[in-house]
Amino acid sequence: MYPNLYYAFKDLIGVDWKFLRFFNSFGFFVAIAFVAAWYVLRMELRRKESRGLLQSREEVIVVGKPASLGELLTNFIVGFFFGYKFIGLFLSDSPLAANPQDFIFSSAGSWPAGLLLGLLLAVLKWWEKNKQKLPQPEERKIRIWPHDRVGDIAIFAAVFGFAGAKIFNGFENWSDFIKNPIESLISFSGLTFYGGLICAALAIWYYAKRRNIAFWPLNDAAAPALMLAYALGRIGCQVSGDGDWGIINSAYYTTASQHSLPAAPDYFNSAVTKNSELYISQFGSLNVPHIYAKGPSFLPNWLFAYSYPHNVINEGIKITGCNEQYCSYLPLPVFPTPFYETIICLLLFCIIWSVRKKFTVPGTLFAFYLILNGIERFFIEKIRVNTKYNIFGFHPTQAEIISSLLLITGIILFIVLRNKSKKLQAG
């Protein structure tokens, strides 16, 4: 596993660049996912604009004014924060710097770096505005298309998506949340995808309504971008080992060198007993969820059972002789579900992308996305570790409940929009 880019570069290239410790692997792939989604969404919005499904909007702006005090202060504050925290992270010799998350949410930082970067951004804003200054400021009308707003949409999706993912994760792991709610909310680990999807969707709906952007064409344009972003984001889960893995595959065991090998039928129970403290802390008893599923011999064992050595959450038992920050592995290997989801969702993205032009009724492509998303997540939950609820004798996970609702919503939405379109055409 590669908890951060330092481990990746050291293992793959053989370089010992300490500064790469500050770049979290999960965050790195999330950033790639956002960039890819931004590119795909922008392409789709342009295509829909050319077909007349999305319109531009005229807005009045004032040009030629010098930088206001508010603009200068805003740039200074933003620059100070980034300098104090992010540049300070590289310059600090504090023990907190070993864990970027702890450092960012502490009071530690670099005052000189913060002041210099803050002043630099304020001066750059003043210089930019001064170049455009006119003897008499004037109002001008500009035409803004939906694809010009992709940056704003991405920011809304990121902020509200992260907040939603944390809130829903708190509901899903309520006992852990109430023990330390503040740390749970500000931590970058523990994210629930559907919570992020729901809150981001509500925020974008509000934004689109305020900007008079047609809602269903916007959703259709977002459908392939959402599926691609999810697939790429899951690479970060797999590479970092963030705990979002499957249940134990009892057909295999983990060797001392953290490799997976076929296990004897009775090995599972003895291994659980040997590591009883670990599994009782996870499941409250020695009744540990598992499935016995041996893969074909011509495929690598890790594809069916992986021990996640050096995982970022330090789950499992200690690796002998390891003195690094991340020195744990799983004594019984699990299904690498993030890897499965990456492959499946990349295929689903290709399907959505290939058929997107055939969905001529606005909103139906998004409904198709909801159906595919719901089916994929519902079945992957069967081999994932998740908190289960007791509802009228049934024991679904949060993701199973929401994925079922998304599937049903997608089907209903598809039927309603198709029927509505037929009625409009007939009338």
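How are α10 and α14 oriented relative to each other, roughly parallel or roughly antiparallel? In this predicted model, the axes of the two helices, α10 (215–240) and α14 (364–380), come within 7 Å and cross at roughly 25°. Angles under 35 degrees count as roughly parallel, and α10 and α14 are therefore roughly parallel to each other. Their crossing is left-handed. On the α10 side, the residues that meet α14 include Trp216, Asp220, Ala223, Met227, Tyr230 and Arg234. Among the α14 residues that meet α10 are Thr364, Phe366, Tyr369, Leu372, Glu376 and Arg377.

Met227 and Tyr369 also appear, with Leu41, Leu45 and Leu218, among the residues with the most contacts inside the largest nonpolar core, a set of 43 residues. At least two residues of this core are supplied by each of α2, α6 (150–172), α9 (193–210), α10, α13 (337–355), α14 and α15 (398–426). The largest share, 10 residues, comes from α10. Leucine 218 touches Leu45, Leu54, Ile153, Ile204, Ala208 and Ile213, leaving aside residues up to four places away in sequence. A second core, separate from the one above, has 14 residues, including Ile248, Val272, Tyr308 and Leu332.

Serine 56 is located in the loop that lies between α2 (25–50) and β1 (57–63). With residues up to four places away in sequence not counted, serine 56 touches Arg143, Ile144 and Trp145. With arginine 143, there is a polar contact between the two side chains, at 2.9 Å.

Methods
Residues numbered from 1 in each chain as written. Predicted model: local features only at pLDDT ≥ 70, side-chain atom pairs only at ≥ 80, totals over all residues. Heavy atoms only, no water. Helix = DSSP H or I, 4+ residues; strand = E, 2+ residues; numbered from the N terminus. Polar contact = N/O pair within 3.5 Å; in protein donor to acceptor, adjacent residues only side chain to side chain. Contact = heavy atoms within 4.5 Å. Core = buried A, V, L, I, M, F, W, Y, C linked by side-chain atoms within 4.5 Å. Buried < 20%, exposed > 50% of the residue type's maximum accessible area, 1.4 Å probe, protein only. Axes fitted to C-alpha atoms, helices over the stretch in contact; angles between N-to-C directions. Parallel < 35°, antiparallel > 145°, perpendicular 65-115°, else oblique. Left-handed = near helix turned anticlockwise from the far one by under 90°.
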